[in-house]
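Subject: Handover of a structure and its description

Dear colleague,

Please find below the structure that I am handing over to you, together with its sequence. A description of what was found in it follows.

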Amino acid sequence: GEGAEEGAGEEKNYSDNGEEGEEEEEGEQREETFPEGSDTGGTAPECGTIVDGYRYDLEPLMKTSSPEYTARDDHGNEYYLNVCENVITVPEECKEISDAGIQSPAFQVTNTSMCFWLGILGEQKDENPPTWSLIDEQDPLMGVEVNYWDGAQCSDGKSYRHVRFQFFCDEEVESDLSNGVIEFSGACHYSVIWPTRYGCPT
């Protein structure tokens, strides 16, 4: 999708391309999951990860009561989000889905009032768990992202919706969803641009 830049004039530009990578060392190629406690001096936080010794703890963003987070995209679709936890107060349009027993950390309500779930927490044995990785493999200071898999089926009838929360490191901000949600690598894949101080490694 294009045109996600509107009104981003003086904002920081949050994009996937790292600044000129000044880091010498090459990170390993695209590891999706990082073995717990692998030479990191500690176990990963319950809501977060440790990569190359950098620790990211997103638990302060986890909501245990309403209201949850909301965001929009350029098409007027609305998103209801929670971090490491399912959305607690499901929007009216999604009641049918939740009554059917489906819970999700991310719901999309389209501008035509349809509801889709975009991923699951993946806590059951036969489900895909979330995957954590650096936003930019070369630059741990840019932030961290989590992918939730196995959302509602896409219109192609073959693939499933998937959402990633990109927690860009910004020490000034508790949680900022004004950059909204964009689709990436085709339809059905959603990226939530989410600057927050908790995206900064400790």
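A nonpolar core is a set of buried Ala, Val, Leu, Ile, Met, Phe, Trp, Tyr and Cys residues that are joined through side-chain atoms within 4.5 Å. Buried, in turn, means under 20% relative accessible area. Please bear in mind that the model is a predicted one.

Overall composition

The protein chain has one helix and eleven strands. Read from the N terminus, its elements follow the order β-β-β-β-α-β-β-β-β-β-β-β. Of the 202 residues in the protein chain, 45% are buried. If one takes the contacts between residues at least 6 apart in sequence, 50% of them join residues at least 24 apart.

The largest nonpolar core

In soluble globular proteins, nonpolar side chains tend to be buried together. The largest nonpolar core here has 39 residues, and those that touch the most other members are Leu58, Leu81, Val83, Phe165, Phe167 and Trp194. Two or more residues of this core come from each of strands E3 (69-72), E4 (78-81), E5 (106-109), E6 (115-117), E7 (131-134), E8 (143-148), E9 (162-168) and E11.

Val83 gives a view of these surroundings. When neighbours within four places in sequence are left aside, Val83 is in contact with Cys47, Leu58, Leu61, Met62, Tyr69, Tyr148, Phe165, Phe167 and Trp194.

The aromatic cluster

Which residues form one aromatic cluster? They are Tyr69, Tyr148, Phe165, Phe167 and Trp194. A pair of aromatic rings is described by the distance of the centres and the angle of the planes. The count of aromatic pairs comes to six. One of them is the edge-to-face pair of Tyr69 and Trp194, with 4.8 Å from centre to centre and 70° between the planes. Because Tyr69 lies in strand E3 and Trp194 in the segment after E11, this pair ties together parts that are 125 residues apart in sequence. Tyr69 and Trp194 are both buried.

The rings of Tyr148 and Phe165 are also a pair: their centres are 5.4 Å apart and their planes stand at 70°, so the pair is edge-to-face. Here too distant parts of the chain are linked, since Tyr148 belongs to strand E8 and Phe165 to strand E9, 17 residues apart. Is Tyr148 buried or exposed? With a relative accessible area of 1%, Tyr148 is buried. Phe165 counts as buried as well, at 0% relative accessibility.

The open sheet

Four strands form an open sheet in the order E3-E4-E5-E6, with antiparallel pairing. E3 and E6 are the edge strands, each of which pairs on one side only. Direction ignored, neighbouring strands of this sheet are turned by 20° against each other on average.

E3 and E4 run antiparallel and are joined by four bridges. Together they form a hairpin with five residues between them, and Gly76 in the turn has a positive phi of about 85°. Within this pair of strands, Thr70 stands opposite Tyr80 in E4. At the other side of the sheet, E5 and E6 run antiparallel and are joined by three bridges. Phe107 has Trp117 in E6 as its bridge partner.

In a regular strand the side chains alternate between the two faces of the sheet. E3 shows this alternation: Tyr69 and Ala71 point to one face and are buried, whereas Thr70 and Arg72 point to the other and are not.

Two further residues

Thr196 is located in the segment after strand E11 (189-193). At 0% relative accessibility, Thr196 counts as buried. Where does the side chain of Thr196 reach? The side chain of Thr196 reaches the backbone oxygen of Glu174, at 2.7 Å. Apart from neighbours within four places in sequence, the residues in contact with Thr196 are Leu61, Phe167, Phe168, Cys169, Asp170, Val173, Glu174 and Ser175.

Gly48 is part of strand E1 (residues 48-51). Its relative accessible area is 9%, so Gly48 is buried. Gly48 and Val146 are 98 residues apart along the chain, and their C-alpha atoms are separated by 8.3 Å. Beyond its neighbours within four places in sequence, Gly48 is in contact with Tyr56, Leu58 and Trp132.

Yours faithfully

Terms used
Residues are numbered from 1 along each chain as its sequence is written. This is a predicted model: local features need pLDDT of at least 70, side-chain atom pairs count only at pLDDT 80 or more; totals for chains, interfaces and linings use all residues. Side-chain values use heavy atoms; hydrogens and water are left out. Buried means under 20% relative accessible area, exposed over 50%, partly exposed in between (1.4 Å probe, protein chains only). A polar contact is a pair of N or O atoms within 3.5 Å; within protein, one must be able to donate a hydrogen and the other to accept it, and residues adjacent in sequence count only if both atoms are side-chain atoms. Contact means heavy atoms within 4.5 Å. Two strands pair if DSSP finds at least two bridges between them. Axes are lines fitted to C-alpha atoms, for helices over the stretch in contact, and angles run from 0 to 180 degrees between N-to-C directions. Rings of Phe, Tyr and Trp (its six-membered ring) pair if their centres lie within 6.5 Å; planes under 30 degrees apart count as stacked, over 60 as edge-to-face and the rest as tilted.
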